[in-house]
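Thank you all for making the time this morning. I would like to take you through one model, beginning with its charged side chains and then stepping back to the whole chain.

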Amino acid sequence: MLKSDETLQFLHCNQYIVDLDLSGLSLTGLDLSDKQFSRVSLRGADLSGSSLVGSQFRECDFSGALLNSTECTNASFASCRLADTLFVGASLYNATLVQCETRKLDFNQANLERFTVIATPLLGALFNDNNLTSAIFTATALDRVKFPGCRLTLAVFEQASLQEADFSGTDLSKCRFTGANLNGAKFTGAQGSFAGFIDARAEKADFSGAVLTMANFSGAVLDGAGFAHACLEKSLFVGASLKKAVLIGAKLAYTNFSRAVVTGADFSEADLSVANLHRANFSEARLAGTKMQGARETDQELAKGENWVSPLNIQQETNNG
């Protein structure tokens, strides 16, 4: 193994760093930008305040490493080990984690704008007061992770596992949870417009008091979910399942429940004014005190489209007859 002073000189002069052991070394404040690291051990190393801008790390070990206030803009971590690694106050703007092995990462107050995580579990990760604007989490496990004070505008959680995750009070404007598993997740007091939950599973999720206007829950499974006193005006629940969901006092004006299944759901004191209830299944639903002025049980234009039969099919059936 190289001595510490020789190591620093080596890092400064070389762009490609391969099969090097830097465990436990103090590398604070160094400029390690635009370098490529392969199979390098940085276990317990201190890179606080260093610059890793544009650097690429493949099969490197960051277990117990300190990257507090480190500049990791455009950096990439592929097939790396990141166990108990600290990124407190770091900038991971446009950085990527791909197929990494992780445990208890600390991202408190880090800049995670445009941060991308693919096929990397983040169980036990700590988020607090983060800018996650346009961040992408694809096929990522985030079960029971909390996001206090985080800004999630335009963030994407596609096919992510977020069971019992906590998004309470967060900004979800244009955030997307397409196909995500949100069973038992908390969204109490969350706010924002145009959030997308298409085809998500959110059984027993809690949206109480959330203000999510023009949200899209089409095709979502929301059985047993709680929407008490939530504001979901102009939202879409097309083809969604809300069996035994609780929507007491919810604001649902102009909401589209076409072909939704709301068997046993509780809409007591909710506002369904001018809502589209086209062919929705409201059997055993509770509607005591529900406002339904202007609500449509049948959407005539939509019914025409659903019932339309091509003249070619009619002609074919006539010929076959």
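Let me begin with a question: with which residue does Asp19 form a salt bridge, and how far apart are the closest N and O atoms? The partner is Arg39, and the closest N and O atoms of the two side chains are 2.7 Å apart. The pair links distant parts of the chain, since Asp19 sits in the loop between strand E1 (16-18) and strand E2 (36-38), while Arg39 sits in the loop between E2 and strand E3 (56-58), 20 residues apart. Arg39 itself is partly exposed, with a relative accessible area of 43%. I should say at once that this is a predicted model, and that every value I quote is computed from it.

That bridge belongs to a set of six salt bridges that the structure holds, and I would like to go through two others. As general background, side chains of opposite charge can pair when their charged atoms come close.

The next one joins Arg81 to Glu101, with the closest N and O atoms 2.4 Å apart. Here too distant parts of the chain are linked, with Arg81 in strand E5, residues 81-83, and Glu101 in strand E7, residues 101-103, at a separation of 20 residues. On the accessibility side, Arg81 counts as partly exposed at 25%, and Glu101 is likewise partly exposed, with a relative accessible area of 46%.

The other bridge is between Asp84 and Arg103, again with the closest N and O atoms at 2.4 Å. Asp84 lies in the loop between E5 and strand E6 (96-98), whereas Arg103 is in strand E7, so that this pair, 19 residues apart, also links distant parts of the chain. Both partners count as partly exposed, Asp84 at 33% relative accessibility and Arg103 at 40%.

Now to a charged residue without such a partner. Which side chain of opposite charge is nearest to Lys35, and how far away is it? It is Asp31, at 7.4 Å, and Lys35 is buried yet has no salt bridge. With a salt bridge requiring a nitrogen and a carboxyl oxygen within 4 Å of each other, I would look at this lysine with some care in the viewer. Lys35 is placed in the loop between E1 and E2, and, if we set aside residues up to four places away in sequence, Lys35 touches Leu11, His12, Asn14, Gln15, Ile17, Ser55 and Gln56.

A second charged residue to look at is Asp266, in the loop between strand E9 (136-138) and helix H2 (300-307). Is Asp266 buried or exposed? At 11% relative accessibility, Asp266 counts as buried, and once its neighbours within four places in sequence are left aside, the residues in contact with Asp266 are Ala245, Val246, Leu247, Ile248 and Arg286.

Turning briefly to the backbone, two glutamines have a positive phi. For Gln99, phi is near 50 degrees; this residue lies in the loop between E6 and E7 and is exposed, with a relative accessible area of 54%. For Gln109, phi is near 60 degrees; Gln109 lies in the loop between E7 and strand E8 (116-118) and is exposed as well, at 52%.

Let me now step back to the chain as a whole. The protein has three helices and nine strands, and read from the N terminus the order of elements is α-β-β-β-β-β-β-β-β-β-α-α. What is the radius of gyration of the protein? The value is 25 Å, whereas a compact globule of 321 residues would come out near 20 Å. The C-alpha trace spans about 85 × 55 × 20 Å along its principal axes.

Among contacts with a separation of 6 or more, residues 24 or more positions apart account for 2%. Buried residues make up 48% of the 321, and the exposed surface comes to about 14,600 Å², with carbon and sulfur atoms supplying 48% of that area.

To return to charge, where I began, the protein carries 27 positive and 34 negative side chains, and the centres of these two sets lie 4 Å apart.

Methods: Residues are numbered from 1 along each chain as its sequence is written. This is a predicted model: local features need pLDDT of at least 70, side-chain atom pairs count only at pLDDT 80 or more; totals for chains, interfaces and linings use all residues. Side-chain values use heavy atoms; hydrogens and water are left out. Helices (H or I, at least four residues) and strands (E, at least two) are DSSP runs, numbered from the N terminus. The radius of gyration is taken over C-alpha atoms; the globule rule is 2.2 Å times the number of residues to the power 0.38. Buried means under 20% relative accessible area, exposed over 50%, partly exposed in between (1.4 Å probe, protein chains only). Contact means heavy atoms within 4.5 Å. Accessible areas come from the Shrake-Rupley method with a 1.4 Å probe; for residues, only the protein chains shown count as cover. Lys and Arg count as positive and Asp and Glu as negative; His and the chain ends are not counted. The place of a charge is taken as NZ of Lys, CZ of Arg, CG of Asp or CD of Glu.
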